Structures are given as structure tokens and as C-alpha cells.
Amino acid sequence: MSKGIVISVKNVSKDFVLPHEKITSIKSAVTGVFRRNRGKEKQHALRDISFEVKKGEFFGIVGRNGSGKSTMLKILANIYQPTKGSVHTEGKLVPFIELGVGFNPELTGRENVYLNGAMLGFSRSEVDAMYDDIVGFAELERFMDQKLKNYSSGMQVRLAFSVATHANADILLVDEVLAVGDADFQRKCFQYFRQLKREKKTVIFVSHDMQAMREYCDRCIMIDESKLLYEGSADFIAEKYIQLFNEDNGEVHQDKDSDRWGDGAARFGELDVHLSEEYLLVRAEITFARPMDGPILGISIKNSSGVSVCGTNTKILKQKVGSMGAGSKIQVGWNIPNIFSDDIYTIEVAVTYSDGVTQADWWHGAASVSIKNDETTPHVVSPKIEVTLS
């Protein structure tokens, strides 16, 4: 492999054979050997997938359910073998895929920690040394001497996740584990992944959470219908992923004069933008052509390099927008502190259905604003910072 590349996937395809013929007797099982290809369907889970991952890269894989992304992860984990193509990895690889595989429900939580630790290659003394940290992270101190079969599913996953985080891996494969546990435990998961990013660990991350993709991933690919459609930045792939769902509605339109798309259930009017030394104020009127229950209203601001500087939406801010009827209108305003560096900024706005994915109106380049800052810095933002000397 090239220098600095730790995962190389070349022309990988994976097929599964789906039998449809029922076997109801020993005779039919024996005679079925001679009718091997009858009543069987070949499923193409992956078709000619190629990509490379660099050492220390946080690499995302996105796709709809059934697209093949989890199959790709299992091929990387050596759980499946590709039908065609090749996969090469360098370093110790630990999958966070099927958390809790290998746990024994008849053993206690304590015994399962030692069992799972042995499966990850740890000696008993090594598990002894990390046992308190594992239990503390999982927040299960009171339950470690209970049998695992008495744990809730969330408790089991928390324990499995906690053991896996202590694996000394060069490459980690992560499949939707950020959804485990309650809000406090999810916060711990997010902190753990920030730590991995700071430590420049190589991580392959599969998720439907585009906000997490944008926060963590350096680069992503999108797989759909078993094929690799796009490869690029996390922002680019997140937008393509959201757009993919909207194309399924069959009502997507895109303006010729601007990069704007959605199903037309709601639409922004012209943006009113005011800039002062303290604030950037953006106002707009949204008209609803069809009823919408709990729409999400969002804004994002990008600099001239296309880097997203800041943004938010009513769901993040926990501001509930009520049900909107056909023909109704709503005024929305964003009051943003002016901490921007000297640059030209593009404003994009969106009205999203309550599912957070389907777009009514996503308007790239809705407006732009040129900001002059006397205190020019090389940083993305330039807040007023006071210096004291003594």
C-alpha cells in the first residue's frame, strides 16, 4: 500500500445467495443438492467499491438502510469475505459492530468483562488493571455481580461498549454505537470519539446522524444501491445524503438560477440581512403551500472557502414550531454575534420536515455578506479578545 494508507479497498463486490425453495423433509434436502441453482436468488450487496483510508483519518460511510454500508464494515472486520476484489489493512483492528457478541447471559457482569477482555487479547492482569475504569465508564457498579440475563438491553450494550473502548487498537470500526444508552451515556460516547480524533486514531464510522458525521469525519463516502456514489468532505456527503431522501419524494425541484431544492411544501421569501459591529441579523418570511407539522427552520453560514463557520436550527435550540396550515406564513429571524473574520460569507437557509431529513426548501446561496474586520486574523472567527499584561 502507499505510504500513510492503512486501509485499501479495491474493486470489492459482495454477493449473497438467497434460497426461496422450502426444505420440508430429509429427502428434499438430499435431492436439493442436485437442484442447487433452482429457487435461489443472488443479492448484490456491494458492487465494485474502491477507496483508501489514511492513518489518523476519521472516515465516514453513509447510506440508506440496505445500501451495503454495514456489509462493507463487516468485510473490513474480516467477518465476511468479498466475492471479488481485495481489502488490505495495516495494524490491529477492533470492530464496534455487534456490541456484546460473545457475552454469556448466564455469567455475571464481572465475569463477562473478563471473558470479553480475553476475546480482545487482554491477559487477566491487564483486565484487573482496567476493571474499575470499565465499570465506572459503564456506570454499572451496583450490578456487576448480577447475571447478564437480568440486565436491560441498554445496560448490556453500555458494558460491551465500555470494554471495547479499552481495546488498544490502531483502527476502529464503528457502526451506530453513538445511539446507545441514555443522554448522559451518549454524551460520554461523544467525548470518547472526540478523544479518538484528538489522538489521531484511524476510525471508520458508519452512521445516519449527519450532524455527527459533520463534527467528526475528515472525509466520507456515500453508498446507495450497493454502489459508491460520492466521495468527499463530510459537509458535501451530508448534503448529498439528505438530497437522496428528498429525490425519493418525486416532487423535488431545483431553481435554475440558484442551488435550491425541496418538495415545495414551504418556501423562503427574499432574505433581509443587516450587519452591525455587534450582530449579523438575518430575517425572512416562509410561506407554506401545504400543511406541515412541526417544521424545522435552519441557517448555516459559510466562508469563501466553503467552510461552515456556524449554524443552527429550531430543533437544536429546542424551539418548537407548531403545525402550519396551507397558505400560512411565519417570520423567522436569526440574531448572530458578529465574530466573523474579514471575508465574504454565504448564507443558506432550510425548512425541513420534522423527520430532520426531508426538505421542503433548502436554499444555498440565499444571500451573501461582505464583512470587513480591522483585526484581521487567519482564524475562521474573530471574537473580541482582551489581553491583560501585568
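Student: Which residue forms a salt bridge with Asp145 in this model?

Tutor: The model is a predicted one. In it, Asp145 pairs with Arg110, and their closest N and O atoms are 3.1 Å apart. The pair links distant parts of the chain, since Asp145 belongs to the loop between H4 and H5 whereas Arg110 belongs to helix H3, 35 residues apart.

Student: Is Asp145 buried or exposed?

Tutor: Asp145 is exposed, with a relative accessible area of 58%. Arg110 is partly exposed, at 34%.

Student: How many salt bridges does the structure hold?

Tutor: The structure holds 15 salt bridges. One of them joins Arg64 and Asp224, with an N to O distance of 2.8 Å. Arg64 lies in the loop between strand S3 (58–62) and H2, and Asp224 lies in strand S8 (residues 219–224), so that 160 residues separate these distant parts of the chain.

Student: Why does Arg64 count as buried?

Tutor: The cut-off for buried is under 20% relative accessible area. Arg64 counts as buried because its relative accessibility is 17%. Its partner Asp224 is likewise buried, with a value of 9%.

Student: Which residue forms a salt bridge with Glu106?

Tutor: Glu106 pairs with Lys147, and the closest N and O atoms are 3.6 Å apart. Glu106 is in the loop between S5 and helix H3 (109–119), while Lys147 is in the loop between H4 and helix H5 (153–165); the pair therefore ties together parts that are 41 residues apart in sequence. Glu106 is partly exposed at 42% relative accessible area, and Lys147 is partly exposed at 35%.

Student: Where is the kink in H4 centred?

Tutor: The kink is centred on Met130 and amounts to about 50°. Met130 is also among the buried residues of H4, which include Val127, Tyr131 and Ile134.

Student: What span should H4 have, and what does the model give?

Tutor: Helix H4 (residues 124–138) has 15 residues, and at 1.5 Å a residue it should span 21 Å; its end C-alpha atoms are 20 Å apart, which agrees. Just after H4, Glu139 takes a positive phi of about 60°.

Student: How should the two faces of a strand be read, and which residues of S5 are covered?

Tutor: In a regular strand the side chains alternate between the two faces of the sheet. In strand S5 (residues 93–96), Val94 and Phe96 form the covered face, and Leu93 and Pro95 form the uncovered one. S5 runs parallel to strand S6 (residues 171–175), to which four bridges join it. Within this pairing, Pro95 stands opposite Leu173 of S6.

Student: How many aromatic pairs are there?

Tutor: The count comes to 16 aromatic pairs. For Phe16 and Tyr80, the ring centres are 5.3 Å apart and the planes are at 70°, so this pair is edge-to-face. Phe16 lies in strand S1 (residues 5–19) and Tyr80 in the loop between helix H2 (69–76) and strand S4 (84–89), so the pair ties together parts that are 64 residues apart in sequence. Phe16 is partly exposed at 23% relative accessible area, and Tyr80 is partly exposed at 26%.

Student: What geometry do Tyr192 and Phe193 show?

Tutor: Tyr192 and Phe193 are also edge-to-face, at 5.4 Å centre to centre with 75° between the planes. Both residues are buried. Ring pairs link them into a cluster with Phe58, Phe137, Phe161, Phe205 and Tyr216.

Student: Which ring has the charged end of Arg260 over it?

Tutor: That ring belongs to Trp363, and the charged end of Arg260 sits 3.7 Å from its centre. Arg124 lies over the face of Tyr114, at 4.5 Å from the ring centre.

Definitions and conventions: Residues are numbered from 1 along each chain as its sequence is written. This is a predicted model: local features need pLDDT of at least 70, side-chain atom pairs count only at pLDDT 80 or more; totals for chains, interfaces and linings use all residues. Side-chain values use heavy atoms; hydrogens and water are left out. Buried means under 20% relative accessible area, exposed over 50%, partly exposed in between (1.4 Å probe, protein chains only). Two strands pair if DSSP finds at least two bridges between them. The expected span of a helix is 1.5 Å times one less than its number of residues. The bend at a residue is the angle between axes fitted to the seven residues ending there and the seven starting there. Rings of Phe, Tyr and Trp (its six-membered ring) pair if their centres lie within 6.5 Å; planes under 30 degrees apart count as stacked, over 60 as edge-to-face and the rest as tilted. A charge sits over a ring if NZ of Lys or CZ of Arg is within 6 Å of the ring centre and within 35 degrees of the ring normal. A salt bridge is a side-chain nitrogen of Lys or Arg within 4 Å of a carboxyl oxygen of Asp or Glu.
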